[in-house]
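Here are some notes to read alongside the model, written for someone meeting a fold like this at an early stage. Please keep the sequence and the view open as you go through the points.

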Amino acid sequence: TAEGDASSQAATTDRPDHDSAARVTPPAGGEASGSTADLDALYPPEDGGWGDGGGGPWLDAIRDAWTASLGGSGGGGRGGGGSGGRALPPLPRLIHQTWKDAFPPRELFAPRWRASLQRVNPGWSYRLWTDADNLELVRSHYPSFLPLYQAYPSPIQRADAARYLLAHKHGGVYFDLDYECFAPLEP
């Protein structure tokens, strides 16, 4: 019903844990026309966030609890710590993304989003993995998984599996193509 749809929409957009400034209002007419400029208008760059002090007291509490559980000293989770007081191994400075080919469509993914990952993290390597690259990764490094991987009925299911295999094999961080980076991934 229209009433049920309206209450469902209100429940998703009026959640107390979402900042009202981050809500997106679709352009007049409901749909973007397909240009990159429309995406930038629909999803304007955000100010603040992680770079302005960490995300608020609720995130600080989660970060401190996690750091303490690893044997660290708490205090924002920004240094040292680890199981039994040992430091965690460094995360490889690799950023991974996937798309079916080497050309993610500009009408779906603003180039600014991908560029932000590289601009904000200059010491990190970046790789966009294609479906063919992902298949080769499975063939070369996870051959026992290949029959299941190829049996997935949808390409997105293979891409979803590949992101975990990429992180397992190479380390680093995976981002969907619709993420924009506002602060470095490391302190």
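**Notes on strand S1 and a pocket**

1. Glutamine 97 has leucine 128, in strand S2, as its bridge partner, and this holds for a predicted model. That pair belongs to a wider contact, in which strand S1 (residues 94-98) and strand S2 (residues 125-129) run parallel and are joined by five bridges.

2. What lies along the chain with these two strands to make a β-α-β unit? Helix H4, which covers residues 111-120, forms the unit together with S1 and S2, and the unit is right-handed.

3. Strand S1 also pairs with strand S3 (residues 173-174), again in the parallel sense, and here the pairing rests on two bridges. Within S3, valine 173 is the bridge partner of isoleucine 95.

4. Is strand S1 mostly covered or mostly open? It is mostly covered, since four of its five residues are buried, where buried stands for under 20% relative accessible area.

5. The second largest pocket holds about 230 Å³ of space. Its lining is made up of 13 residues, and those closest to the centre of the pocket are Thr98, Trp99, Ile156, Ala159 and Tyr174.

6. Which helix gives the most to the lining of the second largest pocket? Helix H7, spanning residues 155-170, does so with five residues. By kind, the residues of the lining divide into seven nonpolar, five charged and one polar.

How values were computed
Residues numbered from 1 in each chain as written. Predicted model: local features only at pLDDT ≥ 70, side-chain atom pairs only at ≥ 80, totals over all residues. Heavy atoms only, no water. Buried < 20%, exposed > 50% of the residue type's maximum accessible area, 1.4 Å probe, protein only. Pairing = 2+ DSSP bridges. Right-handed = clockwise from strand over helix to strand, strands pointing away. 1 Å grid on protein atoms, 1.4 Å probe; cavity = no way out; pocket = protein on both sides within 12 Å on 5 of 7 lines; lining within 4 Å. Points joined across faces, edges and corners; volume = space filled by probe spheres on them. Nonpolar A, V, L, I, M, F, W, Y, C, P; charged D, E, K, R; others polar.
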